[in-house]
Amino acid sequence: MPQQYSAVHTLTYSASTVDLIEIAAPSTRTVRVTKIQVGQDSDDATSESEMLPITFQRASASGSGGSSLTAGKMEAGFASAASTLEGGNTSAATLSTPVIIHDTFNVLSGWEWVGSVYLAPSTIGVLRIPANPSDAIDLKVTIEFEEIG
């Protein structure tokens, strides 16, 4: 049975932020990303409404300058996650093609994705907003995933 985990990162997203979340699968397990949510609580007026692109894709090299994240177990009996997670990197990961998820969202309503993206052992996945917001936005990013193997 796959072990399930969740990690949350809160950050102020601005022109200096590059990667929202980076997840690196451990060398001995496959990771299945099952849900990603992005919300904000700093822009609440219609005049602050803006559309931003959002992408998820694999990377050949990790980014840096962010925070290490700890994934929480979805069930008490699960082992600790072996995946490595980072949030709010200011130096970009080196992305690989193709783009796996490409979407657009309004910052006032947030963004939610539910599905399956598999990361082979030792593979990196990166969630990124590839555009600068008109002003800094306080974001909360949640990623849910399973480790298989």
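Which side chains meet in a salt bridge at 3.6 Å, N to O? Here they are Glu112 and Lys35. Keep that pair in mind while we look around, and remember that this is a predicted model.

Let's start with the chain as a whole. If you go hunting for helices, you'll come back with zero, but you will find eleven strands. Walk from the N terminus and the pattern reads β-β-β-β-β-β-β-β-β-β-β. The radius of gyration is 15 Å, close to the 15 Å that the globule rule gives for 149 residues, so the chain is as compact as a globular protein of that length. If you lined up a box with the principal axes, the C-alpha atoms would fill roughly 50 × 30 × 25 Å.

How do the parts of the chain come together? Take the contacts between residues with a separation of 6 or more: 90% of them join residues that are 24 or more positions apart. As for what is tucked away, buried residues make up 44% of the 149 residues. On the outside, the chain exposes about 6,900 Å², and carbon and sulfur atoms supply 47% of that area.

Now for the charges. The chain has 7 positive and 16 negative ones, and the mean positions of the two groups are 12 Å apart. Some of these charged side chains pair up, and the count comes to four salt bridges.

Back to the pair from the start: Glu112 and Lys35. This pair links distant parts of the chain, with Glu112 in strand E9 (residues 111–119) and Lys35 in strand E3, 77 residues apart. Are these two buried or exposed? Neither label fits: Glu112 is partly exposed, with a relative accessible area of 47%, and Lys35 also counts as partly exposed, at 22%. The cut-off for buried is under 20%, so Lys35 at 22% does not make it.

Next, look at Arg128 and Asp19, whose side chains meet in a salt bridge at 2.6 Å, N to O. Arg128 lies in strand E10 (residues 124–128) and Asp19 in strand E2 (residues 19–24), so the pair ties together parts that are 109 residues apart in sequence. Here you really are looking at buried residues: Arg128 has a relative accessible area of 13%, and Asp19 comes in at 1%. Both values are under the 20% cut-off, which is why the two residues count as buried.

One more bridge is worth finding. The side chains of Glu146 and Arg32 meet at 3.1 Å, N to O. Glu146 belongs to strand E11 (residues 137–148) and Arg32 to strand E3 (residues 30–40), so this pair ties together parts 114 residues apart in sequence. Glu146 is buried too, at 10% relative accessibility.

Finally, let's stop at a residue in another strand. Where does Ser60 sit? You'll find Ser60 in strand E4 (residues 51–61). Ser60 is exposed, with a relative accessible area of 55%, and that label fits because exposed means over 50%. Being exposed doesn't leave Ser60 without partners, though: leaving aside its neighbours within four places in sequence, Ser60 is in contact with Thr94 and Ser96. Now try tracing from Ser60 to Thr123. They are 63 residues apart in sequence, but from C-alpha to C-alpha they are 7.7 Å apart in space.

Methods
Residues numbered from 1 in each chain as written. Predicted model: local features only at pLDDT ≥ 70, side-chain atom pairs only at ≥ 80, totals over all residues. Heavy atoms only, no water. Helix = DSSP H or I, 4+ residues; strand = E, 2+ residues; numbered from the N terminus. Buried < 20%, exposed > 50% of the residue type's maximum accessible area, 1.4 Å probe, protein only. Rg over C-alpha atoms; globule rule 2.2 N^0.38 Å. Contact = heavy atoms within 4.5 Å. Areas by Shrake-Rupley, 256 points an atom, 1.4 Å probe, with all protein chains shown as cover. Lys, Arg positive; Asp, Glu negative; His and termini not counted. Charge placed at Lys NZ, Arg CZ, Asp CG, Glu CD.
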